[in-house]
Amino acid sequence: MNSPNPGEKSKEEKMKVVKVTLLAVLAALVAVGVSTTAYAFHSGGVAECEGCHSMHSPVSTTFLLVGGTQSSTCLTCHDGPTLSSYHVSTTGAITQAAMPANMTPGGDFAWLKRTYTDGSYNEPGQTHGHNIVATDFGYSADDNNTVAPGGSFVSANLACNSCHDPHGKYRRLQSGAIATSGAAIKASGSYDNVSANEPTTTEAVGAYRLLAGNGYRNSVSGVIGYAGVPAAKVPGTYNRTEAVTQTRVAYGVSTAAGHTTWSNWCATCHPGMHSTGNTVHPVDRGLGSTIAGLYNQYVKSGDMGGTIANSFSSLAPFASNTGDYTALAALAKNDGSALAGPGSGDQVMCLSCHRAHASGFVEMLRFDQGYEFTTKGGQYIGSDNPEVTGSRANVQRRGRNNAEWQRAYYERPASTFATYQRVFCNKCHAQD
């Protein structure tokens, strides 16, 4: 229909302009890295049923799942061929040319599919993280550890819903307590947007990352005895390269009802790692003034000129000694604006050294500790570094080239470290 007045757009033309404008805005948000999907679907609580279940054409008749297993069902959304928002797994075979694409704080499960060999050196992919059973996507149980190291949890039962509550019943109330009922969940609760991600008197928010809490019942393994839910906040855009700026997850320590510490939460499946005689590294305790001081001064091998204002490293995060989620949100940034290091009361925890899902290193470590050097001659210690030579060169480079080492470090250039950088344990211990 033509406009009755020359030069005036018709209603249809105006609608087209609005639609194009909205699409342009959406494209702009994606282009600058604002995650529009990170808050979608689960949003801190139970999602739409048909996202995971099919009433009439399920892949698995057990629970009418759209995937062959619980984890396969999760990966129908959380797996993809490229780095993208909430993906925690990279589709397909992983090779030197096709590396894991995702760089989430928890890591990319695809590292489990990458076995490294170099002469007599052999490093099975299953050593790189938690071996979830997701047969549709090429993941199977850990055949080296039939039960969780330091525990009795059966590896064949390990799934995404061993750690995460897919129905998202755990919620944080305005009182600070974690509960499984009460005020309706309005939002995720995981992100740094305080106005949208904090509870009110009549509204709750979800527990961090839908983590399971006290009394959780897993559909396969039965009751899993989590003592509570740990506290944390994360920036809205978190699956990203750290080549220029780091992604900081602000881990916290809350004593409010229904909470627990990070390492105590991990100890649910790995209790032996936390018992006398097995814990060779302390967890869930204050760093103390000496270790905190070293952390804040340490920049890289040979450089102890750092200050507390900018000393944080996502290769060695710590738990801030606070349960104030607003304070944690102020630290959960990805633009380099919140890099304050620890005080003496801030805590070391399992995630100070390990990623939660998988990594490019053995035992899902955040950094390599299999060789004394991280870099030599200003390069990573890969097969294309001419300084990595000698009778043990294969054990030093371990089947990787420099690009693979750099991807495992979330694309940090080798120049981030010293020309001859020693193992990053020195961030706290400064023995180099």
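Of the 432 residues of the protein chain, 48% count as buried in this structure, which is a predicted model. The chain contains eight helices and 17 strands. Among contacts between residues at least 6 apart in sequence, 61% join residues at least 24 apart. The accessible surface of the chain amounts to about 19600 Å², and carbon and sulfur atoms account for 56% of that area.

The second largest pocket encloses about 480 Å³ of space. Its lining is made up of 24 residues, and those nearest the centre of the pocket are His53, Asn161, Asp165, Pro166 and His167. Sorted by class, the lining of this pocket comprises eleven nonpolar, nine polar and four charged residues. Helix 2 (70-78) and strand 9 (217-218) each supply at least two residues of the lining. Helix 2 gives the most, with three residues.

Asparagine 296 was examined as a single site. This residue lies in helix 4, which spans residues 288-297. Asparagine 296 is classed as buried because its relative accessible area, 8%, is under the 20% cut-off. Leaving aside residues up to four places away in sequence, asparagine 296 touches Gly306, Thr307, Ile308, Ser311, Gly341 and Pro342. For proline 342, the backbone oxygen is placed 3.0 Å from a polar atom of the asparagine 296 side chain.

How values were computed. Residues numbered from 1 in each chain as written. Predicted model: local features only at pLDDT ≥ 70, side-chain atom pairs only at ≥ 80, totals over all residues. Heavy atoms only, no water. Helix = DSSP H or I, 4+ residues; strand = E, 2+ residues; numbered from the N terminus. Buried < 20%, exposed > 50% of the residue type's maximum accessible area, 1.4 Å probe, protein only. Polar contact = N/O pair within 3.5 Å; in protein donor to acceptor, adjacent residues only side chain to side chain. Contact = heavy atoms within 4.5 Å. 1 Å grid on protein atoms, 1.4 Å probe; cavity = no way out; pocket = protein on both sides within 12 Å on 5 of 7 lines; lining within 4 Å. Points joined across faces, edges and corners; volume = space filled by probe spheres on them. Nonpolar A, V, L, I, M, F, W, Y, C, P; charged D, E, K, R; others polar. Areas by Shrake-Rupley, 256 points an atom, 1.4 Å probe, with all protein chains shown as cover.
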